[in-house]
Amino acid sequence: MVLETISKIIKVQLPAYLKKLPLPETIGGFARLTVSEWLRLLPLLGILALLGYLTIRPFLPKKKKQRDSLINLKIQKENPRVVNEIDIEDLNSANVCYCRCWRSKTFPVCDRSHLKHNELTGDNVGPLILKKKIL
């Protein structure tokens, strides 16, 4: 039943539709088409544009994935890694490292995910290290 319907569309209705389209004999004939004739051509032109795009899409340049892009665009770019140390007296442990690359599995605590990110992208982001002052 379904195949018969598809067969009828391809063999009967599609050729009848294409015969009714106002396709001019020359390129210049397109300039003489009326608005209503252009509207009748619109579905066919849309399908042809879609097929053309799907044909060339594999050859288009790929967009960079967000995970491969730089995070740090201007802070201390001359350093191999940006690390800030801050003395805070009220920390529970001696050192606490906070993530600044947004890739840590234990965010906001750093799990050193920035090392892989820096290697992939050439970035130099590092953790924020809070140190407890020892008196």
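**Group meeting: a walk through a predicted chain**

Hi everyone. Read along the sequence, our protein chain runs α-α-β-β-α-β. That comes to three helices and three strands. Please keep in mind that this is a predicted model.

Let me start with the whole chain. It has 135 residues, and buried ones make up 19% of them. The exposed surface of the chain is about 11200 Å², with 64% of that supplied by carbon and sulfur atoms. As for contacts with a separation of 6 or more, 60% of them join residues that are 24 or more positions apart.

Now to the third helix. Which residues of α3 are buried? Helix α3 covers residues 113-121, and its buried residues are Ser 113, His 114, His 117, Asn 118 and Thr 121. If you look down the axis of α3, these buried residues fall within an arc of 130°, so they line one face of the helix. Here is the textbook background: an α-helix has 3.6 residues a turn, so residues three or four places apart point the same way. On the face of α3 turned away from the buried side, you will find the exposed residues Lys 116, Glu 119 and Leu 120.

Let's stay with one residue of this helix. His 114 sits in α3. Is His 114 buried or exposed? With a relative accessible area of 4%, His 114 counts as buried, because the cut-off for buried is under 20%. And what does His 114 touch, leaving aside its neighbours within four places in sequence? Its contacts are Arg 81, Cys 101, Val 125, Gly 126 and Pro 127.

Moving just past the end of α3, we meet Gly 122, which takes a positive phi of about 85°. Then comes the salt bridge, and the structure holds one. The partners are Asp 123 and Lys 77, and their closest N and O atoms are 3.3 Å apart. Asp 123 lies in the loop between α3 and β3, while Lys 77 lies in the loop between α2 and β1, so the pair ties together parts that are 46 residues apart in sequence. The two partners are covered to differing extents: Asp 123 is buried, at 4% relative accessible area, whereas Lys 77 is partly exposed, at 34%.

Next, the aromatics. How many aromatic pairs are there? The count comes to one. Phe 30 and Trp 38 form this pair, which is tilted, with 5.9 Å from centre to centre and 40° between the planes. Phe 30 is partly exposed at 29% relative accessibility, and Trp 38 is partly exposed too, with a relative accessible area of 36%.

Trp 38 also brings us to my last stop, the surface. Trp 38 belongs to a nonpolar patch there, together with Leu 45, Ile 47, Leu 48, Leu 50, Leu 51, Tyr 53, Leu 54, Ile 56, Phe 59 and Leu 60. Together these residues have about 1100 Å² of accessible area. One of them, Leu 51, is found in helix α2, which covers residues 35-56. Leu 51 is partly exposed, with a relative accessible area of 48%.

So, to recap three places to look on the screen: the buried face of α3, the salt bridge between Asp 123 and Lys 77, and the nonpolar patch that includes Trp 38 and Leu 51. Thanks for listening!

Technical notes
Residues are numbered from 1 along each chain as its sequence is written. This is a predicted model: local features need pLDDT of at least 70, side-chain atom pairs count only at pLDDT 80 or more; totals for chains, interfaces and linings use all residues. Side-chain values use heavy atoms; hydrogens and water are left out. Patches are made of residues with over 30% relative accessible area and no salt bridge: like charges are joined within 9 Å, nonpolar side chains (Val, Leu, Ile, Met, Phe, Trp, Tyr) within 5 Å. Accessible areas come from the Shrake-Rupley method with a 1.4 Å probe; for residues, only the protein chains shown count as cover. A salt bridge is a side-chain nitrogen of Lys or Arg within 4 Å of a carboxyl oxygen of Asp or Glu. Helices (H or I, at least four residues) and strands (E, at least two) are DSSP runs, numbered from the N terminus. Buried means under 20% relative accessible area, exposed over 50%, partly exposed in between (1.4 Å probe, protein chains only). Contact means heavy atoms within 4.5 Å. The arc is that of the directions from the helix axis to the C-beta atoms. Rings of Phe, Tyr and Trp (its six-membered ring) pair if their centres lie within 6.5 Å; planes under 30 degrees apart count as stacked, over 60 as edge-to-face and the rest as tilted.
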